[in-house]
Amino acid sequence: MLSAALKYLEEEHTCPHCNKELTLCHAPPVHVGDGLGWGSEFLFICLNNDCPLFVKGWKYIEDQYGHVGSYRHMEIPNSNETYNMMVAGNDAFTGSIVDVEAMKAKNERHLKEREAVAALDSCVEQGDLDSVLTLILDERAKLADRKRAVELLVPLNDLACVEPIRNMTFRDTSLEQLTNMALSTLLANNFVKECPFCTELIKSRATVCKHCQKDLEG
Ligand SMILES: [Zn+2]
Ligand SMILES: [Zn+2]
(Lines give C-alpha, C1' and ligand atoms only; values in the text may rest on other atoms or scores of the structure.)
(Ligands and ions follow the chains in the order given, each with its own letter.)
Protein backbone atom coordinates (compact mmCIF):
# COMPACT_ATOMS: atom_id res chain seq x y z
CA MET A 1 0.00 0.00 0.00
CA LEU A 2 2.82 2.38 0.91
CA SER A 3 4.95 1.34 -2.07
CA ALA A 4 1.97 1.89 -4.37
CA ALA A 5 1.39 5.35 -2.90
CA LEU A 6 5.09 6.26 -3.26
CA LYS A 7 5.10 5.10 -6.87
CA TYR A 8 1.96 7.07 -7.70
CA LEU A 9 3.34 10.19 -6.05
CA GLU A 10 6.24 10.09 -8.54
CA GLU A 11 3.82 10.16 -11.43
CA GLU A 12 2.57 13.41 -12.79
CA HIS A 13 -1.07 13.63 -13.73
CA THR A 14 -2.64 16.84 -14.87
CA CYS A 15 -6.26 17.81 -15.11
CA PRO A 16 -7.44 18.14 -18.74
CA HIS A 17 -9.87 20.89 -17.66
CA CYS A 18 -7.47 23.22 -15.80
CA ASN A 19 -3.98 21.78 -16.48
CA LYS A 20 -3.26 21.74 -12.74
CA GLU A 21 -1.59 18.75 -11.12
CA LEU A 22 -3.90 16.10 -9.72
CA THR A 23 -3.70 15.19 -6.03
CA LEU A 24 -3.29 11.61 -4.83
CA CYS A 25 -6.16 10.74 -2.48
CA HIS A 26 -7.35 7.65 -0.64
CA ALA A 27 -10.33 6.18 -2.48
CA PRO A 28 -13.54 6.69 -0.52
CA PRO A 29 -15.05 3.60 1.10
CA VAL A 30 -17.98 2.22 -0.86
CA HIS A 31 -20.83 0.07 0.31
CA VAL A 32 -19.93 -3.53 -0.43
CA GLY A 33 -23.58 -4.20 -1.23
CA ASP A 34 -23.47 -1.74 -4.11
CA GLY A 35 -21.09 -4.01 -5.95
CA LEU A 36 -19.25 -0.81 -6.81
CA GLY A 37 -15.75 0.16 -5.99
CA TRP A 38 -12.96 1.95 -7.73
CA GLY A 39 -10.74 -1.14 -7.91
CA SER A 40 -7.97 0.99 -6.46
CA GLU A 41 -6.99 2.17 -3.01
CA PHE A 42 -5.96 5.52 -4.45
CA LEU A 43 -7.40 8.05 -6.86
CA PHE A 44 -5.88 11.05 -8.59
CA ILE A 45 -8.27 13.97 -8.17
CA CYS A 46 -8.25 17.60 -9.32
CA LEU A 47 -8.80 19.57 -6.11
CA ASN A 48 -8.43 22.96 -7.82
CA ASN A 49 -11.46 25.04 -6.81
CA ASP A 50 -10.98 27.20 -9.93
CA CYS A 51 -11.08 24.18 -12.25
CA PRO A 52 -13.70 24.96 -14.97
CA LEU A 53 -15.27 21.51 -14.54
CA PHE A 54 -15.78 22.18 -10.83
CA VAL A 55 -16.87 25.82 -11.32
CA LYS A 56 -19.47 25.01 -13.99
CA GLY A 57 -20.59 21.80 -12.31
CA TRP A 58 -22.67 23.54 -9.64
CA LYS A 59 -25.07 25.06 -12.14
CA TYR A 60 -25.16 21.93 -14.26
CA ILE A 61 -26.11 19.68 -11.32
CA GLU A 62 -28.62 22.22 -10.05
CA ASP A 63 -30.27 22.34 -13.48
CA GLN A 64 -30.11 18.61 -14.16
CA TYR A 65 -30.81 17.12 -10.74
CA GLY A 66 -32.07 20.01 -8.62
CA HIS A 67 -29.56 19.48 -5.82
CA VAL A 68 -26.30 21.01 -4.63
CA GLY A 69 -23.12 19.48 -5.96
CA SER A 70 -20.45 19.67 -8.60
CA TYR A 71 -17.84 17.56 -10.37
CA ARG A 72 -14.17 16.86 -9.78
CA HIS A 73 -11.96 15.36 -12.47
CA MET A 74 -10.71 11.96 -11.30
CA GLU A 75 -8.34 9.33 -12.69
CA ILE A 76 -7.85 5.78 -11.51
CA PRO A 77 -4.13 4.96 -11.14
CA ASN A 78 -2.70 2.34 -13.50
CA SER A 79 -5.59 2.69 -15.88
CA ASN A 80 -6.74 5.11 -18.52
CA GLU A 81 -10.05 5.52 -16.80
CA THR A 82 -11.10 9.07 -15.99
CA TYR A 83 -14.37 10.23 -14.47
CA ASN A 84 -16.26 13.34 -13.61
CA MET A 85 -16.93 12.46 -10.03
CA MET A 86 -19.88 14.05 -8.31
CA VAL A 87 -19.03 15.80 -5.03
CA ALA A 88 -21.28 17.52 -2.51
CA GLY A 89 -18.99 20.42 -1.63
CA ASN A 90 -15.56 22.10 -1.75
CA ASP A 91 -14.17 19.95 1.04
CA ALA A 92 -14.92 16.55 -0.44
CA PHE A 93 -11.59 14.66 -0.56
CA THR A 94 -9.51 17.36 1.12
CA GLY A 95 -9.47 15.04 4.16
CA SER A 96 -8.40 12.08 2.03
CA ILE A 97 -5.17 13.49 0.61
CA VAL A 98 -2.43 10.88 0.95
CA ASP A 99 -0.09 11.82 3.81
CA VAL A 100 3.07 9.90 2.92
CA GLU A 101 4.96 10.82 6.09
CA ALA A 102 2.14 9.48 8.25
CA MET A 103 1.93 6.34 6.12
CA LYS A 104 5.69 5.80 6.37
CA ALA A 105 5.66 6.17 10.16
CA LYS A 106 2.80 3.68 10.46
CA ASN A 107 4.54 1.29 8.12
CA GLU A 108 7.85 1.47 10.04
CA ARG A 109 6.16 0.73 13.34
CA HIS A 110 4.33 -2.19 11.74
CA LEU A 111 7.55 -3.60 10.25
CA LYS A 112 9.34 -3.35 13.60
CA GLU A 113 6.46 -5.14 15.29
CA ARG A 114 6.51 -7.95 12.72
CA GLU A 115 10.30 -8.38 12.99
CA ALA A 116 10.08 -8.50 16.78
CA VAL A 117 7.33 -11.15 16.70
CA ALA A 118 9.39 -13.25 14.28
CA ALA A 119 12.41 -12.94 16.59
CA LEU A 120 10.60 -14.18 19.72
CA ASP A 121 11.20 -17.89 19.02
CA SER A 122 14.96 -17.54 19.19
CA CYS A 123 15.39 -14.44 21.37
CA VAL A 124 16.35 -16.35 24.53
CA GLU A 125 19.21 -18.22 22.86
CA GLN A 126 20.21 -15.05 20.99
CA GLY A 127 20.10 -12.93 24.14
CA ASP A 128 17.87 -10.59 22.13
CA LEU A 129 16.21 -8.31 24.67
CA ASP A 130 15.48 -5.62 22.06
CA SER A 131 12.77 -7.61 20.25
CA VAL A 132 11.11 -8.49 23.54
CA LEU A 133 11.17 -4.87 24.71
CA THR A 134 9.94 -3.61 21.34
CA LEU A 135 6.72 -5.57 21.83
CA ILE A 136 6.27 -4.94 25.54
CA LEU A 137 6.74 -1.18 25.11
CA ASP A 138 4.58 -0.84 21.98
CA GLU A 139 0.98 -0.18 22.99
CA ARG A 140 -0.14 -0.76 19.41
CA ALA A 141 1.37 -4.24 19.13
CA LYS A 142 -0.97 -7.23 19.57
CA LEU A 143 -1.69 -8.03 23.21
CA ALA A 144 -1.08 -11.78 22.74
CA ASP A 145 2.39 -11.08 21.30
CA ARG A 146 3.17 -8.67 24.12
CA LYS A 147 2.17 -11.25 26.75
CA ARG A 148 4.39 -13.81 25.03
CA ALA A 149 7.24 -11.30 25.16
CA VAL A 150 6.66 -10.75 28.90
CA GLU A 151 6.90 -14.50 29.51
CA LEU A 152 10.38 -14.41 27.99
CA LEU A 153 11.74 -11.84 30.46
CA VAL A 154 12.61 -14.44 33.11
CA PRO A 155 14.31 -16.91 30.75
CA LEU A 156 16.17 -14.00 29.08
CA ASN A 157 17.41 -12.98 32.53
CA ASP A 158 18.63 -9.52 31.46
CA LEU A 159 18.28 -6.84 34.13
CA ALA A 160 18.55 -4.14 31.45
CA CYS A 161 14.81 -4.63 30.88
CA VAL A 162 13.87 -3.27 34.32
CA GLU A 163 14.32 0.45 33.75
CA PRO A 164 12.57 0.83 30.36
CA ILE A 165 9.66 -1.26 31.64
CA ARG A 166 9.37 0.73 34.87
CA ASN A 167 9.24 3.92 32.79
CA MET A 168 6.30 2.57 30.83
CA THR A 169 2.63 3.17 31.63
CA PHE A 170 0.57 0.17 30.57
CA ARG A 171 -2.95 0.67 29.34
CA ASP A 172 -3.79 -3.00 29.83
CA THR A 173 -3.85 -3.92 33.54
CA SER A 174 -3.53 -7.69 32.95
CA LEU A 175 -0.37 -7.08 30.95
CA GLU A 176 0.91 -4.76 33.66
CA GLN A 177 0.33 -7.42 36.33
CA LEU A 178 2.05 -10.11 34.27
CA THR A 179 4.98 -7.78 33.72
CA ASN A 180 5.28 -6.89 37.41
CA MET A 181 5.27 -10.59 38.33
CA ALA A 182 7.95 -11.34 35.74
CA LEU A 183 10.12 -8.48 37.02
CA SER A 184 9.79 -9.67 40.64
CA THR A 185 10.92 -13.16 39.62
CA LEU A 186 13.75 -11.74 37.52
CA LEU A 187 15.01 -9.58 40.41
CA ALA A 188 14.77 -12.45 42.90
CA ASN A 189 16.64 -14.79 40.53
CA ASN A 190 19.47 -12.25 40.41
CA PHE A 191 19.46 -11.61 44.18
CA VAL A 192 18.65 -7.92 43.67
CA LYS A 193 15.82 -5.59 44.60
CA GLU A 194 14.77 -2.06 43.69
CA CYS A 195 15.57 0.61 46.26
CA PRO A 196 12.18 1.97 47.43
CA PHE A 197 13.68 5.47 47.55
CA CYS A 198 15.68 5.84 44.34
CA THR A 199 14.56 2.68 42.41
CA GLU A 200 18.18 1.70 41.62
CA LEU A 201 18.92 -2.03 41.71
CA ILE A 202 20.73 -3.14 44.86
CA LYS A 203 21.58 -6.46 46.51
CA SER A 204 18.62 -8.19 48.10
CA ARG A 205 20.33 -8.28 51.44
CA ALA A 206 21.56 -4.65 51.37
CA THR A 207 20.53 -2.68 54.46
CA VAL A 208 21.71 0.67 53.09
CA CYS A 209 21.25 1.76 49.46
CA LYS A 210 24.63 2.25 47.84
CA HIS A 211 23.12 4.82 45.46
CA CYS A 212 21.12 7.11 47.73
CA GLN A 213 22.61 5.96 51.07
CA LYS A 214 19.12 5.62 52.61
CA ASP A 215 18.67 3.18 55.43
CA LEU A 216 16.48 0.34 54.21
CA GLU A 217 15.76 -1.22 57.56
CA GLY A 218 14.18 1.76 59.33
ZN1 LIG B 1 -9.06 20.56 -12.92
ZN1 LIG C 1 18.39 4.18 46.82
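Two strands count as paired if DSSP finds at least two bridges between them. Keep that in mind for the sheet of this predicted model.

Q: Which residue in β3 does isoleucine 45 stand opposite?
A: Start with the strands: β2 covers residues 42-45 and β3 covers residues 70-75. They pair in the antiparallel sense over 2 bridges, which meets the cut-off of at least two. Across from isoleucine 45, in β3, stands methionine 74.

Q: In what order do the 4 strands form the open sheet?
A: The protein has 9 helices and 6 strands, and 4 strands go into this open sheet. Their pairing is antiparallel. Reading across, the order is β1-β2-β3-β4.

Q: Which strands stand at the edges of the sheet?
A: Look for strands with a single partner, because one side of such a strand is left without a neighbour in the sheet. That fits residues 23-26 and residues 82-87. In strand names, those are β1 and β4.

Q: By how many degrees are neighbouring strands of this sheet turned against each other on average?
A: The sheet in question is the open one with the order β1-β2-β3-β4. Direction is ignored here, so the antiparallel pairing doesn't enter the average. The average turn between neighbours is 45 degrees.

Q: Which strands does helix α2 lie across?
A: The helix spans residues 52-65. Its direction runs at about 135 degrees to β3. The strands that α2 lies across are β3 and β4.

Q: Is α1 roughly parallel or roughly antiparallel to α3?
A: Helix α1 (residues 2-10) and helix α3 (residues 100-119) pack at about 155 degrees, with axes 10 Å apart. Angles over 145 degrees get the label, so α1 relative to α3 is roughly antiparallel.

Q: How many nonpolar residues does the contact of α1 with α3 have?
A: From α1 come Leu2, Ala5, Leu6 and Leu9, and from α3 come Val100, Met103, Lys104 and Asn107. The crossing of α1 and α3 is left-handed. Besides 1 polar and 1 charged residue, the nonpolar count is 6.

Q: Are α6 and α9 roughly parallel or roughly antiparallel to each other?
A: Helix α6 (residues 143-151) packs against helix α9 (residues 173-189) with the axes 9 Å apart. The angle is about 10 degrees. The cut-off is under 35 degrees, so α6 and α9 are roughly parallel.

Q: How many charged residues are in the contact of α6 with α9?
A: α6 brings Leu143, Arg146, Lys147 and Val150, while α9 brings Leu175, Leu178, Thr179 and Ala182. Of these, 5 are nonpolar and 1 is polar. The charged count is 2.

Q: Which residues in α5 do Lys112, Glu113, Ala116, Val117 and Ala119 in α3 meet?
A: α3 and helix α5 (residues 129-136) pack at about 125 degrees, with axes 9 Å apart, and that makes α3 oblique to α5. By class the contact has 4 nonpolar, 2 polar and 2 charged residues. On the α5 side, the partners are Ser131, Thr134 and Leu135.

Q: What radius of gyration does the protein have?
A: The C-alpha atoms fill a box of roughly 90 × 35 × 35 Å along the principal axes. A compact globule of 218 residues would come in near 17 Å. The protein, by contrast, has 28 Å.

Terms used
Residues numbered from 1 in each chain as written. Chains lettered and ligands numbered in written order. Predicted model: local features only at pLDDT ≥ 70, side-chain atom pairs only at ≥ 80, totals over all residues. Axes fitted to C-alpha atoms, helices over the stretch in contact; angles between N-to-C directions. Parallel < 35°, antiparallel > 145°, perpendicular 65-115°, else oblique. Left-handed = near helix turned anticlockwise from the far one by under 90°. Contact = placed C-beta atoms within 7 Å. Nonpolar A, V, L, I, M, F, W, Y, C, P; charged D, E, K, R; others polar. Rg over C-alpha atoms; globule rule 2.2 N^0.38 Å.
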